Amino acid sequence: MSDYKPKGVTVMKNGFIPVPFKLEKQEKLLNTTKKINHYIYLKKHQSSNNKDENTIFIYNLPLLTNFETLTLNLNNIIKEYKGQVIFDNTSFKTDEFKIESIDLNGLSSDYILDEENNTINPKQAMGGSEYKGENRPYNTTFLKVLDQSSLKSFFNCINKYVKSLNKDFDKHVIDWTLHKETSKMPTLTDFQNFYNPLPVQYLKDLVLDTMTYFQDRENYAK
Amino acid sequence: EDVSKSQVDAAKVSAKDMQVAKETAELFKSNIFKLQIDELVKNVQLPEKHILKMEKFLHKLYDLIQGLPDWASQKTLEDIEEFFHDKTTTIPFADPKPVSGNTNYKFGFLKPQKVSLIGSFALKSAIYEPDGSSIDVSLEMPESLIEKKDFLNYRIIHKRAVYIAFVAHLMNISLEESGLSEFIKLNYSYKNNDILQPVLKISSIKIDTTSNSKVEKLNKDFNFYKSKFTINLMVTYPENVFEVKKLGPLKNAIRLSKDAAVEGLPTSLYNFFVLSNTHQNHYLKFLHRVKKSTESFKEAMVLARIWLKQRGFTSDLGSGFGAFEFSILMASLLNGGGLTGNKILLHGFSSYQLFKTTIKYIVDMDFNDDGYLQINTDLDETDKDLMSTKYHQGENEFDQPTILDKYTKINILGKMTTQSYKALKLHARNTLIALNDQVKDQFESIFLSNLNKNQLLKFDMIVDVDISQCLLTLSDKFTPSEKITYLSFENYLYNYICKVVEKSLDERVQTFEIELLGNNRKVFDISKRKLNHKNNSFRLKLVLDLDESEKLVTKGPKKDESTAKEEIAEFKNHWGDKASLRRFKDGSVVYSCVWTGSSSNSVVLNILEYILPQHLGSNLKIMNSKDIKLVANHLKLPNVPGAKTQSISNLTNFFKVKKSFDELYKIIFGMNDLPLAVRNIQPIGNAFRYTSVLQPVPFAYSNPEFLQDVILEFESSSKWPDEIGALEKAKAAFMLKIHDNLVKDHSEYKISFSRDESIPYNLEVITMNVYTPEGFGFKFRVLTERDEILYLRAIDNCRNDLKKELENTFLKFIQVYKNSVLHTRVIETLSHSYPMYAPTCRLFKQWLDSHLLLTHFPEELVELIAMQPFVDQGAYQQPGSVQNGFLKIIKFLSKWNWLEEPLILDLIKPDEVDELNDDKKSENDEMENESEISEYNLKKLSEKLSISQYKEFQTNFEETRRSNPTGLNFQFFVASRVDPTGILYSSDISLSIATRLTALSKIAMNLISQHGLNERTMKLLFSPGLKDYDFIINVKIPKNFYTSSGIMKNFKNVDEMITNFPDEISQMSEKMDPTYHLVKYLNKKYGTHIIFSHQKFISLNAKNGSGEDNCSYNVITGLIKPLFKNGASTKFRINLDADVKPVDDVNVQLNIAAILSEICSFGFDIIESVVKN
């Protein structure tokens, strides 16, 4: 299989910039000799909400990418092109295993509270065709930078990086590296630990907390 | 009293209503049947051009025969031998051949006094047969060549042999002269395997175009090779040439031996052959007359012919019930046949009624042990009042299946054996059940499925036996009396083996067939005297009776004064050393044989392995004893003491789980300090219905199905929280209370809690896992009356685009919490009724798992599909072996066009299927005994699917399919009482997986049909086609899960066993397969575009061999879904949810290399390699 290197695609028609990273060579991967690149797609986030300004919309992060790994790799580009970007980790969130994609609990409840602690109907809060809340597609995330100039610098570097690849892809493409301190791949033991039971005391506390919180909300609603 | 009276009245009304409903249904059904029959009859018609071609040739043939020159009469055997001395034609004398000097009767050849077409072609009831059919032409020997006494001692047989040799010789000359010999060929053959009657077979071969214009013209006019017809020239005798009385079944007509023991012994088969040859024309006339008087008779004959052919019944010796015999029986029943000579069939009957009633008659009457039918085919009989066709009950002095023609003294069933008669009745019984099925259309199973195509489906066990080293011993047994009874060694051998098997297996088999192997050739050259074949081996094909087959004791006569000495001697003689005296519980002392069953050998095989050498010769060899066990041996033995001696259908290990559960059940039920009392504790795990792939073994917690699911319900309460998260925690609180109680009072139990992922998006479910002192584990989930409401509320509240997802969640909830109880109960009950169901189902699951498909299907769906051949037997019997059941499931899957056909299962026990007796009752006694029967019937019918239910299922299917015509969202519609919607268990399967299952079944069926079952095909059958996937992930774990899964390694009796749980429950996870969790996360991450498959039972992976390795291997495969298949590109959108790389500034393709690279690092220490195909 040949790893396709698109010549000249520095930006997609819909405004996303495909940013390649070279993945570490995997000895166990057979029948694939070519160097393998991963593409992250970046775009400035368009939003009327002030909270969302200076935000980058990202599609397709590599597996198990946390804030540290992402910024480590982006900083490698920024360093290369001498940019100045400060990342803000407050809004960064991924759910690549789609664990929180549907809030079944909220949808079944009459006792959800809004930010002002008012009980609201789940239809209002979570769904219905009139629902206007967050609806972020899978495999995407937001990354906030400190300010306007950080954002500008960021895209500046990215664009330079992407353009440089057109001249000599192999020379300029940057390696994707995992942030060693905060991130590690699961081991046999990790996979087997999924079978471990819940500690009884933990469960008791959890039950108590959940029930107390539920009763509070129920009383509040009454 | 009033109440009971009104109940009776109500029952009466229902009975009448039911009868009306039944008749309406019957009428409706026969109308549909009529249409189907019309279609079928049209399809099997002989092509008109073939008929014309044959008629043309037959005219030519007639001319040729008329042109044969007379030779002479009154010639001695020496003259004849002299004549044929230098000819290529040989006289096909039967054994014992006449000897010159000792043969004082005269031979000769004069032109036939009558040449006529006989058989089905003459009756125009022949059907098109792909392998070709034959036309029978009778050449009647001139009376002047026959003497009154010629019926004796083979004289007529030998005269006829000389006659046919002349025909062959002279015909050859005239074919030569006319130029026809270029493409017309002559051979000898035996009609219906009657070795006394060689016939001259005329066939036609294809020739290349010649320059000879005469031959060219002849070829064009008379070459009939395309029609695949052959013509049999049969020499017959004039009617009444012999005194028929002297050839009755009990008369002796062979008096060659001086042996006193042989003197006067009936020679019924010989008599039959001689007589039937004098009456060919008579029966033709008889059938012809019936055909004229009964409009639908011809069509009924065609139906019968098809029915017989699909079941392998022929007029051949040994089978003895072909289209001719069926037609004669049917014709006779138009004249009577009842106990008082009352008519069974009426001339106005439709072909459906004629056929069905005849089938019913075959089922109801006994022509073998307890009666016979006497018919009268006298064409001149004018006295209508004389009831001459009458069933005689309670006596059959002929000692064989009998339909005796009073007029010709022929036993129409003269070529049948007790066994073939049994088989006939069995098939007739099945057909009658099918014909009586008011609900399901059974036309296909009655007329369209060919049972003979695959013997492995028709029979439960097929045993090939080599007797080449025993032939000398066996031929010693072929004494003069056997010679005159059976006429040939081959026929004797066949009957002898039949008798040994019959006596030895008795009730253990429903029926069996014996096929002498190496007899494929049916024709032989006219230069040869006879067809020579050596019977080096035979094939024994068994249909088992599961109520009897596994019984460990064969009981013989009682040891007391009332038992005849001969009976005891016979028993001892038959069983040899095995016969011993045993005292039974009732105090009786009985001669018996005791057998041992085992996991690999059924009792029946054990008996055969013992008894066949006893009677056929000690050098006998069962050739395929390994292959017979192959399929069953594929099931892993549980690592428990005595596993090897447990028969395959033994459920002991499952009962132990039940027992352990019952103990726990009592304890929990007895807890009276719970906030709400326990109302129900329902086990729903698959061990409770005997379908877990691995048998339950104590402490074998690596078995992925070790924890058996249980549903716990409390008294109803309005206080359950109104929110899923809180509700699940409230349930957990109840279980924590049970936990505390158990810890306090029953420290022999271990308990743990875990999160449960069985309901998508419900992350709050907690299960309580209880490990019992007996070594089993149960996983408790709590069901409340609140759950359903909350799930439905969530669907109502959610965004439209999520509705489908949440509906799926709801279905899953219904599946796991609610339907599971009914499903388990139904499957468990049926498992007891169909003893082979459980092991077959387990093997089927194992097959699916070996092809990495098991995890894609809810196990309920798998179990329902596996039920198909059991509850819907069609033309077959209930599977009597794992092999048979397994192949039938695969066969069903290979044929199932799920896009257009629903699978509707009537989940009832076999005795309820058998409504024959009810039918008899309701037809005969309904009027007299109305109320009693109606109640009886109502109860039964309420269990069976009604027409309206069936129709409702069908409508459901049609509606569901209409909204999903391509099968993208659901494929398998499996409706039954358990799930009327039909899609509860199949709404979440991907189309490519469903298609793969069908494709695999087709491949498997082809493999087996072509190469049979042997070690090589079994291996192929269970090997996954890894090349079909886009990539493969090889998993290697440095641990052995074999023993801890409870599987016995090969070649050992019992391996080291685990005898307790670890002190800390968490230590168990070290012995759990991590593949499951790896795949779970791969699915969550990449599942939108890739289908991952893996083997659920890591220990069963072929790479792990017999579990001796310290490592375990598993495999995960990936299949890219159509959007990105084969490097396809698509427009870039942010909701693609896929790892893609750009192709240009608009399109992207799946970045599969990057995905694989990621997977490598994700499972870095358990992945051995990732291979892209």
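Chain B of this predicted model contains 35 helices and 32 strands. Its radius of gyration is 36 Å, close to the 32 Å that the globule rule gives for 1173 residues, so chain B is as compact as a globular protein of that length. The C-alpha trace spans about 110 × 85 × 65 Å along the principal axes.

Of the 1173 residues in chain B, 60% are buried. Contacts between residues at least 6 apart in sequence were also examined. Among these, 74% join residues at least 24 apart. The exposed area of chain B is about 48,400 Å². Carbon and sulfur atoms supply 50% of that area. Chain B carries 146 positive and 151 negative charges, and the mean positions of the two sets lie 4 Å apart.

Aromatic pairs number 82 over all chains. In one of them, B:Phe83 and B:Phe84, the ring centres are 5.1 Å apart and the planes meet at 85°; the pair is therefore edge-to-face. Both B:Phe83 and B:Phe84 are buried.

The rings of B:Trp847 and B:Phe886 also form a pair, with centres 6.2 Å apart. Their planes stand at 75°, so this pair is edge-to-face. It links distant parts of the chain, 39 residues apart. B:Trp847 belongs to helix α25 (residues 837–850) of chain B, and B:Phe886 to helix α27 (residues 882–895) of chain B. B:Trp847 is buried, at 1% relative accessible area. B:Phe886 is buried as well, at 2% relative accessibility.

Ring pairs further link B:Trp307, B:Phe313, B:Phe321, B:Phe326, B:Phe355, B:Phe443 and B:Phe447 into a cluster.

How values were computed
Residues are numbered from 1 along each chain as its sequence is written. Chains are lettered from A and ligands numbered from 1 in the order in which they are written. This is a predicted model: local features need pLDDT of at least 70, side-chain atom pairs count only at pLDDT 80 or more; totals for chains, interfaces and linings use all residues. Side-chain values use heavy atoms; hydrogens and water are left out. Helices (H or I, at least four residues) and strands (E, at least two) are DSSP runs, numbered from the N terminus. The radius of gyration is taken over C-alpha atoms; the globule rule is 2.2 Å times the number of residues to the power 0.38. Buried means under 20% relative accessible area, exposed over 50%, partly exposed in between (1.4 Å probe, protein chains only). Contact means heavy atoms within 4.5 Å. Accessible areas come from the Shrake-Rupley method with a 1.4 Å probe; for residues, only the protein chains shown count as cover. Lys and Arg count as positive and Asp and Glu as negative; His and the chain ends are not counted. The place of a charge is taken as NZ of Lys, CZ of Arg, CG of Asp or CD of Glu. Rings of Phe, Tyr and Trp (its six-membered ring) pair if their centres lie within 6.5 Å; planes under 30 degrees apart count as stacked, over 60 as edge-to-face and the rest as tilted.
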